[in-house]
Amino acid sequence: LTLVTQGGVSKLPRLLDLASRWRGPISCGIYITTTQQLDQWLAFMEKDHDGLISKYVSFHVLIEQPQMPEKVNRHPINKLRNLALRNVETEFIFLNDIDFIPTMNAHDIIAPRLKTLPSKHFWVLPAFERFGTNSKQRGPGQVVDDVSMIPKTKDALLEAISKSEVAPFHVYFKPGHGPTNYTKWYDTISPYAVDYDYLYEPYVICRNEGVPSFFPSFRGFAFNKMSFFMEAHYLGFNFIILQDLFVVHMNHGGRKGRNDKGGNSHLIKQDFRMYLQRIYGISNATLNKW
């Protein structure tokens, strides 16, 4: 079971946090555009990091020359995901983002169950976000940079939720994670199935074989992961919510381009719609829901 993720060199500290909690193989696509970033990555690799990187992480590097204007060079998030995914050698994968910290020792907890995971099934780890300690400013914009603030167990998570320190991820955008049904998850002691809905984008464990690639043209923000799960839906994948595992987002500062709604993702979205029509015969009426 390999965790698949990606990021730029600025995310390397989060990768250490991720490795310290996951405690299993990680395939990471890393994005480099300058010699300074290359030097930073090499310097990072030279350090010991308590053996976390050498023991668990394999890097797969994508180097691009910066382009002008800057918007053309948006982060190639799906190319990086595919790069990391193509280099996985295990039968099972955990598709995760680098800022999302899982249950402590999640790899070892889930590994004994993997033989029961059918093909074309996603095991979903419900996603949450951790707020900072300043209650007056608590919210998505507050930075969390200490992994010790992230609950290690479901009991600790539920306690943090009761104190309003943690909440379901991006509750203001219900389609993204609403199908997970958090209210049910809080009390459940067994896995449960949920229906896919458009724009659902959970964090999942699945078999490597048969999983689609991420649509590579998406860069930057918007639609990059939603499109993956839409295609998986049309391939017949099912969604099962795990009762005891989760991921928690370490909130970070705003990133340039987050609110750029006129960017290439909206143009590529049309290309992706045409792709779905061509490959799966999906009608315009169905796609218009998206």
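## Overall picture

Of the 290 residues of the protein, 56% count as buried. The model is a predicted one. Its secondary structure comes to 11 helices and 12 strands. The protein exposes about 13,700 Å². Carbon and sulfur atoms supply 52% of that area.

Contacts reach far along the chain. Take those between residues at least 6 apart in sequence: 78% of them join residues at least 24 apart.

## The nonpolar core

The largest nonpolar core holds 88 residues. Within this core, Leu15, Phe59, Phe94, Phe122, Phe128 and Ile205 touch the most other members. Helix α1 (residues 12-22) gives the largest share, six residues. In soluble globular proteins, nonpolar side chains tend to be buried together.

Phe59 shows what such a position looks like. Leave aside its neighbours within four places in sequence. Phe59 is then in contact with Leu12, Leu15, Cys28, Ile30, Trp41, Phe44, Met45 and Ile53. Among these partners, Leu12 and Leu15 are buried residues of α1. Another partner, Cys28, is buried too, with a relative accessible area of 0%.

## Helix α1

α1 is largely enclosed by the rest of the structure, because 10 of its 11 residues are buried. The buried set includes nonpolar residues such as Leu12, Leu15, Leu16, Leu18, Ala19 and Trp22. Arg14, Asp17, Ser20 and Arg21 are buried as well.

The helix is followed by Arg23. Phi of Arg23 is positive, near 55°.

## Aromatic pairs

The structure holds 25 aromatic pairs. One of them joins Trp41 and Phe59. The ring centres of Trp41 and Phe59 are 5.6 Å apart and the planes stand at 80°, so this pair is edge-to-face. Trp41 lies in helix α2 (residues 35-46) and Phe59 in strand β3 (residues 57-63), so the pair ties together parts 18 residues apart in sequence. Both Trp41 and Phe59 are buried.

Phe122 and Phe228 form another pair. Their ring centres are 6.2 Å apart and their planes are at 45°, so the pair is tilted. Phe122 belongs to strand β6 (residues 121-125) and Phe228 to helix α9 (residues 224-234), so here the linked parts are 106 residues apart in sequence. Phe122 is buried at 0% relative accessibility. Phe228 is buried at 1%.

## An aromatic cluster and helix α9

Phe122 and Phe228 also belong to a cluster linked by ring pairs. Its members are Phe122, Tyr196, Tyr198, Tyr200, Phe214, Phe228, Phe229, Phe237 and Phe239. Phe228 and Phe229 are both among the buried residues of α9.

α9 is mostly covered, with nine of its 11 residues buried. The buried residues are Asn224, Lys225, Met226, Ser227, Phe228, Phe229, Met230, Glu231 and Ala232. Just after the helix, Gly236 takes a positive phi of about 95°.

## Charges over rings

Lys225, one of the buried residues of α9, has its charged end over the ring of Tyr203, 4.0 Å from the ring centre. A second lysine is placed in a similar way. Lys154 lies over the face of Trp185, at 4.1 Å from the ring centre.

## Positive phi in loops

Two loop residues other than glycine have positive phi. Asn105 has phi near 55°. Asn105 is found in the loop between β5 (100-102) and α5 (106-110). With a relative accessible area of 30%, Asn105 is partly exposed.

Leu199 has a positive phi of about 80° and is not a glycine. Leu199 sits in the loop between β9 (192-194) and β10 (203-207). Its relative accessibility is 19%, under the 20% limit, so Leu199 counts as buried. Its sequence neighbours Tyr198 and Tyr200 are members of the aromatic cluster.

## Cysteines

A search of the whole structure finds zero disulfides. Cys28 and Cys206 are both enclosed. Cys28 has a relative accessible area of 0% and is buried. Cys206 counts as buried at 0% relative accessibility. Cys28 is also in contact with Phe59.

Conventions. Residues numbered from 1 in each chain as written. Predicted model: local features only at pLDDT ≥ 70, side-chain atom pairs only at ≥ 80, totals over all residues. Heavy atoms only, no water. Disulfide = S-S within 2.5 Å. Buried < 20%, exposed > 50% of the residue type's maximum accessible area, 1.4 Å probe, protein only. Phe/Tyr/Trp six-rings, centres within 6.5 Å; stacked < 30°, edge-to-face > 60°. Helix = DSSP H or I, 4+ residues; strand = E, 2+ residues; numbered from the N terminus. Lys NZ or Arg CZ within 6 Å of the ring centre and 35° of its normal. Core = buried A, V, L, I, M, F, W, Y, C linked by side-chain atoms within 4.5 Å. Contact = heavy atoms within 4.5 Å. Areas by Shrake-Rupley, 256 points an atom, 1.4 Å probe, with all protein chains shown as cover.
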